[in-house]
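Colleague: Got a minute to walk me through this one? I'd like to talk about the aromatics and then wander from there.

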Amino acid sequence: MASTNQIQKDRYKGEFQPLNKVRHGFGTYIYENSFFTYEGQWENGIKQGQGILKMKDGSYYQGNFEKGEIEGHGEFHYANGSMYVGEFHQGEKHGQGVFSSANMTYEGQWFLNCMQGSGILQTPIYRIEGTFLQHKPHGHCNYYSEEYNYIGEFDRGKRSGKGKYESKLEDYEGEFLDDKKHGPGILVKKGENPYYYAGEFLQDNPTLQANKLNFKLDPQPEEPIDPKAKKGEPVIDLTQVLVHELKSGKTINFELYLVYQGPDIEDPVQPTQQEIDEMVKNWQKEAKKQKNPPPMPDFGAKRMIPAPPIHIKQESGRLLELKMIQKTEQGDKLFRIDYREKLAVRREEVARLKAEIEAQKQLEEQQAQQPVKKKDAKKQAKKQPEPDQIDLSVKLYVEGDNESLIVETKEGMVRIENLEYPEDFPPGKYYYVISNKSTNSIGDFVPIEIEVIINPEGGLKQQPKKK
């Protein structure tokens, strides 16, 4: 039977310490399980210095050893082809290093085998430059991909904190929480119906909603329709219906304003404790008169008031559908409302006008660099009308194909001018029905009905209130 010394000798080939015959210097050692093989420097029987640790699966480490452990700078080649080159501590990736595989490359700081600290992560889909925590972006990072770019704060892999998001569909700059827009921010929607929104967000959605529509009629009724509104400026909300009486053969102009409001806010003037005590006393006094009084309200709760309306700029506008219908026993009868021929309001017409204006500006810039004759000065001074200065005029048709009118607001407002009723228009009760047709505008509102009574004998006036 072979001796222990003979077995050790068979496993190790290399230099020994002369006195105690331990591994010392350069040599190769095969471990008992035959899975590991070390070839390199030894010191008093311990791996120390440069060496290569090979494994049977094909992976190996080449670099520095200290007191028998992988320590310091080296490179680890994995059996699947991945590789790490950098700093190690106690056999783990620790410090500065580069890891590369078939689907990713990371160059930066490591902490106990985790991507942690500043670094750059590159994959076929995205690239992240910034700081990491346990393999995930954490802190300020720059994220780039074909789908979107994001520069801002992360929290364990999720966008959280201040950041700037850019994509083909939208741009957003503001606060995030758990990968969603949350808090104050500015959103710019792109595409067919772009718009701009600055305000608060909650779980990816604006907190403001289009919860009211102002209706301004011209000429105005003698008295406001809405008793709460200022004279000459009737206001409706989603639940109200306006009633007007109109003489046929005349024209009518009106403006529609979308009003945005956020959630209720705290009233800056709260009741004093003395006032609260007085309210409680009065309630208790009235409750004694009732057999089954309701629970006492919380008079001490903070008093809330509606938030003030907020103006929202829409770069292109919101699409509204305007219908004119008459309700009959057989169903709703739709009357056609159409554009006047010479007014440019369609999208393609606006695009054409913009192109003409841009061409005119370029021509003026070229001509500005050349001497201008006096007779040409007046021609150059003429300006093309801007698309947003064109008012929308419509005409009501009694006969023809039934079509609704699609109008586009400008910064939340659209003005309808010269809506004509032919002389032979049948008297009766009709409704303007206004609904939202935009697919990506902020907020929404239910269709609004504005009741109109066509009366050939009367004029424009307010419908008498029912007693």
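Modeller: Sure. Keep in mind that this is a predicted model. A place to begin is Y61, which is buried, and F88 is buried as well.

Colleague: How do the rings of Y61 and F88 sit, centre to centre and plane to plane?

Modeller: They make an edge-to-face aromatic pair, with 5.1 Å from centre to centre and 80 degrees between the planes. Y61 belongs to strand β5 (residues 60-66) and F88 to strand β7 (residues 83-89), so the pair ties together parts that are 27 residues apart in sequence.

Colleague: And how many aromatic pairs does a search of the whole structure find?

Modeller: It turns up 24 aromatic pairs.

Colleague: Take Y143 and Y148 then. Why is that pair stacked?

Modeller: The ring centres of Y143 and Y148 are 5.0 Å apart and the planes are at 15 degrees, so the pair is stacked; the cut-off for stacked is planes under 30 degrees apart.

Colleague: Is Y143 buried or exposed? And Y148, buried or exposed?

Modeller: Y143 has a relative accessible area of 13%, so it is buried. Y148 is buried too, with a relative accessible area of 15%. The cut-off for buried is under 20%.

Colleague: Okay, strands. How do β12 and β13 pair?

Modeller: Strand β12 (residues 136-145) pairs with β13 in the antiparallel sense, over six bridges. The two form a hairpin with two residues between them. If you want a register check, C141 has G152 in β13 as its bridge partner.

Colleague: What about β13 and β14?

Modeller: β13 and strand β14 (residues 158-167) pair in the antiparallel sense as well, this time over seven bridges. There, N149 is bridged to E166 in β14. β13 and β14 also form a hairpin with two residues between them, and R156 in the turn has a positive phi of about 50 degrees.

Colleague: Switching to packing. Which residues have the most contacts inside the largest nonpolar core?

Modeller: Those are L53, Y61 and Y150, in a core of 30 residues. The largest share of this core comes from strand β13 (residues 148-155), with three residues.

Colleague: So Y61 is back. What does Y61 touch?

Modeller: Leaving out residues up to four places away in sequence, the list for Y61 includes G51, I52, L53, M55, I70 and H73, and its ring partner F88 is there too. There's also a second, separate core of twelve residues, with L405, Y430, Y432 and V452 among them.

Colleague: Any charges sitting over rings?

Modeller: Here are two. The charged end of K327 sits over the ring of Y431, 4.3 Å from its centre. The charged end of K47 sits over the ring of Y38, 5.7 Å from the ring centre.

Colleague: Last topic, Y12. Which strand does Y12 lie in, and why does it count as buried?

Modeller: Y12 lies in strand β1 (residues 12-16). Y12 counts as buried because its relative accessibility is 2%, and the cut-off is under 20%.

Colleague: What is Y12 in contact with, leaving aside neighbours within four places in sequence?

Modeller: R23, H24, F26, G27, T28, Y29 and W42. I30 is 18 residues from Y12 along the chain, and their C-alpha atoms are separated by 6.6 Å.

Colleague: And which backbone oxygen does the side chain of Y12 reach?

Modeller: The one of E15, at 2.6 Å.

Technical notes. Residues numbered from 1 in each chain as written. Predicted model: local features only at pLDDT ≥ 70, side-chain atom pairs only at ≥ 80, totals over all residues. Heavy atoms only, no water. Core = buried A, V, L, I, M, F, W, Y, C linked by side-chain atoms within 4.5 Å. Buried < 20%, exposed > 50% of the residue type's maximum accessible area, 1.4 Å probe, protein only. Helix = DSSP H or I, 4+ residues; strand = E, 2+ residues; numbered from the N terminus. Contact = heavy atoms within 4.5 Å. Polar contact = N/O pair within 3.5 Å; in protein donor to acceptor, adjacent residues only side chain to side chain. Pairing = 2+ DSSP bridges. Phe/Tyr/Trp six-rings, centres within 6.5 Å; stacked < 30°, edge-to-face > 60°. Lys NZ or Arg CZ within 6 Å of the ring centre and 35° of its normal.
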